[in-house]
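Student: I would like to learn how to read a pocket and a sheet in a model that is new to me.
Tutor: Let us look together, taking one feature after the other.

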Amino acid sequence: MFALADCNNFFVSCERVFRPDLEGKPVVVLSGNDGCVVSRSNEAKALGIKMGVPLYQIKPLVDKEGVVCFSSNFSLYGDLSDRVMSMIRRCTSRFDQYSIDECFFNIDHIAADRQKSYCEQLVKDIRRGVGIPVSIGIAPSKTLAKVASKYAKQYPGYHGVCEIRTEEQRLKALSSFEIGDVWGIGRRAKVKLQNAGIYTALDFTLKTATFARNVLNKPGLLTWQELRGQDAIDITQLPAKQSITTSRTFASAITDPTLLEEQIANFCAHCARQLRTQNSVAQQLYVYAHTSAFRTDIEQHYLSELVTLPVATSNTQELISYALNAFRKAYRPGVLYKKAGVVLLKVIPETAVVPDLFDTKDRSREKRLQRVLDHIDDRLGKRSIILGSQMTSQQSVYKTEHKSPLYTTDLRDIITIKAT
């Protein structure tokens, strides 16, 4: 049996850990530059606030209902995620983290009749130890475990844990589960299935395997098998990303090349870490920056440079060096750049790299050094060690008017208690 642990309204829950006065109140967390809603408390959902809605569109509702808004605080969220995951990891021999707030883990070492109560205790321990509410779904396949976790989150009567163990439970759960909410069914797949008269997960499972493959190809067949109770998806073998992108829109336009170079260096570092996480390397690098398309009163300019790397790499320092050289070549003084980004292209497994006879770098030494730096970041927090090009200024170029303190990752923001 598999268990899927999913942190409830994770970003909001992280903010509430240090603001218990916000329990029961509508709370939202905003995207970069305080643009759109990316996390909502149940109270905010009840007010009709949709995921992804721009803040300016709901400003009257926010003011009227006293909705509390927070800027994204990813350092805090990442640290609390690590604490939750470490508690779960200690309880199982097989653990696969799927996202910042979700993980699959195996519970076959627990007797079948004790698995639900075991997970209920784990939910209580995490809430007591970290302060984050968690829902757990138990089922014979990962997709069914995702279904079960959604029911656990939706209905308080499950006490944080729902299991789909019997055929009767499976049929009942899938009969009221919308096809568009199934893990692996995207918007296009949802439309295709609805056009074929399929509206629930149960409807899909009643079709044949041939139908599933013909309509949704192999991924659709795997989902069909999983919904029927077969363990068919290994998340450690999901296809790696073929390209990796990091980009940001700035709070106000930037002309200072030093500030722009700092952002591009940070974008490169973030992309490089994702490369190493999936054991890949990039063969090409694309850097861009452009003005705001909505500003008709200024000169429009799109900076773009494509670099083909002599040797495919995931080394942060090397990627930053190529990116900054490309940027400096295309940068135009005086232009008001509103957005910039870095894209790593032609991503391949690191095992597929063919050594270059004329390569002067000691690749094995650099790989060992990078592994040590990543380990330090994992132990002490992200950006514990960074390159000089990533911190050329202390000026923020993003709008974060509602950002909470870094309670767990910065001693300057450590929580204080006053006794009277």
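Student: Which residues lie nearest the centre of the second largest pocket?
Tutor: Keep in mind that this is a predicted model, in which local features need pLDDT of at least 70 and side-chain atom pairs count only at pLDDT 80 or more, while totals for chains, interfaces and linings use all residues. Residues are numbered from 1 along each chain as its sequence is written, and side-chain values use heavy atoms, without hydrogens and water. A pocket is an open set of points on a 1 Å grid over the protein atoms alone, where a 1.4 Å probe fits, with protein on both sides within 12 Å along at least five of seven lines; lining residues have an atom within 4 Å of a point. Here N8, N9, N42, K45 and K153 lie nearest the centre, among 47 lining residues.

Student: Which element gives the most to the lining of the second largest pocket?
Tutor: Helices (H or I, at least four residues) and strands (E, at least two) are DSSP runs, numbered from the N terminus. The answer is α6, with seven residues; α6 spans 142-154.

Student: How are the strands of the open sheet ordered?
Tutor: Strands of a sheet pair through backbone hydrogen bonds, either parallel or antiparallel. Two strands count as paired if DSSP finds at least two bridges between them. In this open sheet of three strands the order is β3-β2-β4, with mixed pairing. Because β3 and β4 stand at the edges with a single partner strand each, one side of each lacks a neighbour in the sheet.

Student: How many bridges join β2 to β3?
Tutor: Three bridges join these antiparallel strands, and V29 has S39 in β3 as its bridge partner.
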